[in-house]
Structures are given as structure tokens and as C-alpha cells.
Amino acid sequence: MTRHLLSIDDVSAEEIQQLFATAAEMHDVQKREVKKLPALRGRTVINLFFEDSTRTRSSFEIAGKWLSADVINLSAKGSSASKGESLRDTVLTVTAMGVDGLVMRHSASGAAHQVAGWLDIPVINAGDGMHEHPTQALLDGYTLQRQLGGPGSLEGKRIAIVGDLTHSRVFRSNVKSLSKLGASVVAVAPPTLMPSGIGEWAKADGFATSYSLDDVLPEVDAVMMLRVQRERMSGGYFPTSREYTVGYGLTRQRLGMLREGVPILHPGPMNRGLEISPEAADAASSRILDQVSAGVAIRMSVLYHLLAGEESA
Ligand code: NCD
């Protein structure tokens, strides 16, 4: 396993399965009355978030705490970063306090890579701009693999990733991770939300693209809806919300196009009524809350593999 988790490029297919196997053990901890393992006792992890987050940050916090680490949460609002301190000075300052691992979210693509070059402790990328969000992709893959029948079950499966692909780090990490797990991805978006140059990229990485959700839905084994990321949009990517929903929303009517039991995923936060209807979000086949609980298990697994070291394993 690499020292940092900055991108899905850092983990092989085999290492992903190792992370999943550990996550499955960690998942059982969630069902216990006393949810504590001693693996990271005496270690300190900082969650440094320069961008808003609900589930990722709390999930890393819970994961660290259930492994008995001391977890400190720092958000850029209310830190010296908002007083003009550079990123380098901020991370060197917080890690000079005897920290053993850094979890970081930042709005700049590449920020986690840069920070990893300045530090000699493991860095975990919790989302860098429009680049990658590796733990999200791992928890998505883990959720799907469990749902579809365990290790190897993603082999040859067709998975649609639908929505605002241009702005999505979740998409970029998932294309890599699902491909490593043997699935074939079809990326669905309106032309304005397809990343530029996706044709070449799709050819090189072996995934398909489509502008038609209706064509794709009947033939997929799972569907992952992505949030329309308005905060990253500078202009009009679609005429009205209504038109987006008509073309690309997982509406109640479209649920009927899916084969029976096909899992529905969404990394959250959801825009109910825009990219996903309440009927789809709350359907029996929706795995959205399973993703949240898998998120804790995956982050426990990642923290354990990067921080526990052999001496305390
Ligand atoms: C995603 C993110 O922040 O990249 N959310 C998450 O981590 N669960 C997706 C999003 O914001 O739409």
C-alpha cells in the first residue's frame, strides 16, 4: 500500500480488495454496542477542510474515533487560512503539533498532491477541487460489490454514472476504481456537462459515454446519480432545472426503465427533485444510506492501512 491516498492511481486492484476486506471487518464494528478498536490508540489525525462537507468530514471523524485515534477537526472558516496564511504555512503549522496523519479537502485540484510533497506523514485526499475523491469511489465500489455478490462480482457489470460529470471528482475517481474492479462504466450527461476531451479519455481508459439516459437505463446493473454542482458553475449549463430533470433526472417514470432491483447510488448531498426524485432516493433498491455507513468502514480501513503500521497491527 502506498504512503498516501491522493488518487485511485495510488492503489492497485489487489490493494482495493484488501481495503474492502478490512472495511468488511470494520463494518461489523458498527453493529456493536461498544464501537471501539484500539488500532490507532495514541495516534493523532487532523481533518483539515477548506471546503464544505457534511458526510465526508463526520465520516472521517467517526472512523478515526472508532479506531481510538485522537481526531482534530479544522475548517478553513475560522482558521488562519482566512487571515491570509498560505496553504504551506497552514499545513506545516498544524502538523508541527505532532500529528500522525492529515485528511484534507481543498477546492484546488492537485492541492492534496502538493501538500503530500511538503509533509512526511500520510496524507489522505478527501476531495481536491474537480480532480479526485478516492475514499468516495472506494466506498461506492465497496457498496456495489457487496450488493452484487462479493469479490469479483463487479467483473463485466455495466454501471452508469449520470449527471454533472464536468465538475465531479467523484466521477473521476469512480471511473478509475470501477474499471480496476472490472466493471464497464457508461458516463451519461448532457453535452454541456461532459468534460472537454472526454472522447479521447474514454477511449484511453475504456469507458463509454452517452447523451441519452433513456437509452442507457434499461441495460445497466447499477446507476450512480451525481449532484448538479451549482457552486462550481459560472454560467448556464442547462436552460432550466425543469429541463435538466426531464433529460437527466432519475424521475419516478424512469425508475420503471431499470431492471428489477438495480441499485441506485448517490454520493450526496442530493438535490431532491433535480437530479433524483424522492421516489428514486427512497426506493427499496436505493443504496444511498448504505453508502454512508460503508463510508465509515472504508475510512477506518484506509486510516488503518496507512497509519497503523505493522508494529500495532
Ligand atoms: C461529493 C463531493 O464533495 O465531492 N460529496 C461527498 O463527498 N459525499 C459530491 C458532491 O458534492 O456533489
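**Exercise 1. Sort the residues that line the largest cavity of this predicted model into nonpolar, polar and charged.**

Step 1. Start with the list: the lining of the largest cavity is made by Arg55, Thr56, Ser59, Gln136, Leu139, Pro267, Gln291, Val292, Gly295 and Arg299.

Step 2. Assign classes, keeping in mind that Gly counts as polar and Pro as nonpolar. The lining of the largest cavity then splits into 3 nonpolar, 5 polar and 2 charged residues.

Step 3. Add the space enclosed: the largest cavity holds about 80 Å³.

**Exercise 2. Find which elements supply the lining of the largest cavity, and which of them gives the most.**

Step 1. Look for elements with at least two lining residues: these are α2, α5 (134-148) and α12.

Step 2. Pick the main contributor: α12, with 4 residues.

**Exercise 3. How many cavities of 30 Å³ or more does the structure hold, and what lines the second largest cavity?**

Step 1. The count of cavities at or above 30 Å³ is 2.

Step 2. The second largest cavity contains about 40 Å³ of space.

Step 3. Around the second largest cavity you will find Met1, Thr2, His4, Leu5, Val11, Leu19, Val302, His305 and Leu306. Helix α12 gives the most here too, with 3 residues.

Step 4. By class, the lining of the second largest cavity has 6 nonpolar and 3 polar residues, and no charged ones.

**Exercise 4. Now to the open sites: describe the largest pocket by volume, central residues and class.**

Step 1. The volume of the largest pocket is about 390 Å³.

Step 2. Its lining comprises 20 residues, and those closest to the centre are Arg105, Arg169, Arg227, Gly268 and Pro269.

Step 3. Two elements, α2 and α6, give two or more residues to the lining of the largest pocket.

Step 4. The lining of the largest pocket divides into 8 charged, 8 polar and 4 nonpolar residues.

**Exercise 5. Where does the ligand sit, and which residues surround the ligand?**

Step 1. Place the ligand: the largest pocket is its site.

Step 2. Collect the shell, using a cut-off of 4 Å between heavy atoms. The residues around the ligand are Arg55, Thr56, Arg105, His133, Gln136, Arg169, Val170, Arg227, Gln229, Pro267, Gly268 and Pro269.

Step 3. Map the shell onto elements: α2 (55-66) and α6 (169-180) each provide at least two of its residues.

Step 4. Classify the shell: 4 residues are charged, 5 are polar and 3 are nonpolar.

**Exercise 6. Identify polar contacts of the ligand with Arg169, Gly268 and Gln136, and give the share of the ligand's accessible area that the protein covers.**

Step 1. Keep pairs of N or O atoms within 3.5 Å.

Step 2. For Arg169, a polar side-chain atom is 2.7 Å from a ligand oxygen.

Step 3. For Gly268, the partner is a backbone N or O atom, 2.9 Å from a ligand nitrogen.

Step 4. For Gln136, an N or O atom of the side chain is 3.4 Å from a nitrogen atom of the ligand.

Step 5. Finish with burial: on its own the ligand has 320 Å² of accessible area, and the protein covers 94% of this.

**Exercise 7. Characterise the second largest pocket.**

Step 1. The volume of the second largest pocket is about 160 Å³.

Step 2. Its lining includes Arg55, Pro269, Met270, Arg272 and Asp282. Helix α12 (residues 288-312) gives the most to this lining, with 3 residues.

Step 3. Sorted by class, the lining of the second largest pocket has 7 nonpolar, 4 charged and 1 polar residues.

Terms used. Residues numbered from 1 in each chain as written. Predicted model: local features only at pLDDT ≥ 70, side-chain atom pairs only at ≥ 80, totals over all residues. Heavy atoms only, no water. Polar contact = N/O pair within 3.5 Å; in protein donor to acceptor, adjacent residues only side chain to side chain. Areas by Shrake-Rupley, 256 points an atom, 1.4 Å probe, with all protein chains shown as cover. 1 Å grid on protein atoms, 1.4 Å probe; cavity = no way out; pocket = protein on both sides within 12 Å on 5 of 7 lines; lining within 4 Å. Sits in = over half its atoms within 2 Å of the grid points. Points joined across faces, edges and corners; volume = space filled by probe spheres on them.
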